[in-house]
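Thanks for coming. I will go through some side-chain and helix contacts in one structure, so please bring it up on your screens.

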Amino acid sequence: MSELAKRTAFAVVAIPVVMACIWFGGAPFAILISVASAIAAYEFYKLAIAAGNTPLWGHGVILSALIPLFMYARILGFWVPSVSVLMLVILELLAVSLWLRGSSRKPLEAVGITLFGALYTGGMMSFAFALRYHPYVIGAAAGTALVALPFILTWITDIGGYTFGRMIGGKKLMPSVSPGKTVAGAVGGFVMAIVVVIAYERFVLRPQAQLGMLLQGAILLGVVVSISGQIGDLVESMLKRQAGVKDSSHLIPGHGGMLDRIDSLLFTLPVSYVMLSWLLIPVPR
């Protein structure tokens, strides 16, 4: 089976499952994010180990998986760990590092990379859940429309970058990190994102969520989210280059690993949440 066929087959199965979990929200969506975060964290720690570091990867994977579940607990009004509990987690990691790493196996780097990996994966993916239950959202259709926006802008930026990069070519964007990406592709990606976000605001957000943006706000959102997604992709390419690998894993046929699939979302989800909180306005029917 060709790489394109593998990608298509995976998309046909995965996209309906993801959209269904977003629509139903609650436990199915929280579990989906938790599992994706845990897998991405494991792949991140594999990259860190390949680069010569010694993170406490088991602790990090568990912490990454728990962060989205704590977000769900917060939505339900259950107990959520306070900042003081987070401080105890840091102390626990330091104590474990003392016994398992000692002074000769980079204990400070182990703790720092462990915490960073959990926040980078589980922490950033949790913003998908925050968007689904955004204070401005009323109903499943509105929540799904809001969560889908950064996903769509991320995908259209990738498509635009690939299409314009192949058509125009020219100067490389950052050859030391990702030799295939061009300046033309980057510009084409965020131009397409601007067009899509304007159309999405008019034909999806307004009728489905009773929410809208001023034209200049929609343009700003398209530019910033598109650039954020491209930075997220380059950041993961940087991590893989340091580790000396092409893909974070071979988990997904034709796509590489989980981290390869969500690297841009780790940037676009939190950026979208913050910007939409600033830019959204009610648009009653």
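**Aromatic pairs and helix contacts**

Let me start in helix α5, residues 107-132, where F116 and Y120 both lie, four residues apart, or about one turn of the helix. Before going further, note that this is a predicted model. F116 and Y120 form a stacked aromatic pair, with 5.4 Å from centre to centre and 10° between the planes. Is each of the two partners buried or exposed? F116 is partly exposed, at a relative accessible area of 44%. Y120 counts as buried, because its relative accessibility is 7% and the cut-off for buried is under 20%.

How many aromatic pairs are there in the whole structure? The search finds 10. Another of them is Y42 with W57, which is edge-to-face, at 5.5 Å centre to centre and 65° between the planes. Y42 belongs to helix α2, residues 26-50, and W57 to helix α3, residues 57-76, so this pair ties together parts that are 15 residues apart in sequence. Y42 is partly exposed, with a relative accessible area of 38%. W57 is partly exposed as well, with a value of 43%.

There is also an aromatic cluster, made up of F29, Y72, F129 and Y133. One member, Y133, has R132 lying over the face of its ring, 4.9 Å from the ring centre. A similar arrangement is found at F203, where R202 lies over the face, at 5.4 Å from the ring centre.

Two members of that cluster, Y72 and F129, come up again in the surroundings of A30. The place of A30 is in helix α2. At 1% relative accessibility, A30 counts as buried. Which residues does A30 touch, leaving aside its neighbours within four places in sequence? They are P68, L69, Y72 and F129. As for L66, it is 36 residues from A30 in sequence, and the C-alpha to C-alpha distance between them is 9.9 Å.

Now back to α5 and its packing. Two packed helices are described by the angle between their axes and the distance between the axes. For α5 and helix α6, residues 140-168, the axes come within 8 Å and cross at roughly 145°. The crossing is right-handed. On the α5 side, the residues that meet α6 are A128, L131 and R132. On the α6 side they are A140, G143, T144, L146, V147 and P150. By class, that contact has six nonpolar, two polar and one charged residues. R132 is thus part of the contact with α6, and R132 also lies over the face of Y133.

Last, two positions further along the chain. S178 lies in strand β2, residues 178-182. With a relative accessibility of 11%, S178 counts as buried. Setting aside neighbours within four places in sequence, S178 is in contact with L234 and S237.

The other position is D233, in helix α8, residues 215-243. Is D233 buried or exposed? D233 is buried, with a relative accessible area of 16%. Outside its neighbours within four places in sequence, D233 is in contact with K181, D263 and S264.

That is the end of my list. I will take questions now.

Notes
Residues are numbered from 1 along each chain as its sequence is written. This is a predicted model: local features need pLDDT of at least 70, side-chain atom pairs count only at pLDDT 80 or more; totals for chains, interfaces and linings use all residues. Side-chain values use heavy atoms; hydrogens and water are left out. Rings of Phe, Tyr and Trp (its six-membered ring) pair if their centres lie within 6.5 Å; planes under 30 degrees apart count as stacked, over 60 as edge-to-face and the rest as tilted. Buried means under 20% relative accessible area, exposed over 50%, partly exposed in between (1.4 Å probe, protein chains only). A charge sits over a ring if NZ of Lys or CZ of Arg is within 6 Å of the ring centre and within 35 degrees of the ring normal. Axes are lines fitted to C-alpha atoms, for helices over the stretch in contact, and angles run from 0 to 180 degrees between N-to-C directions. A crossing is left-handed if the near helix is turned anticlockwise from the far one by less than a right angle, and right-handed if clockwise. Contact means heavy atoms within 4.5 Å. Ala, Val, Leu, Ile, Met, Phe, Trp, Tyr, Cys and Pro count as nonpolar, Asp, Glu, Lys and Arg as charged, and the others, Gly among them, as polar.
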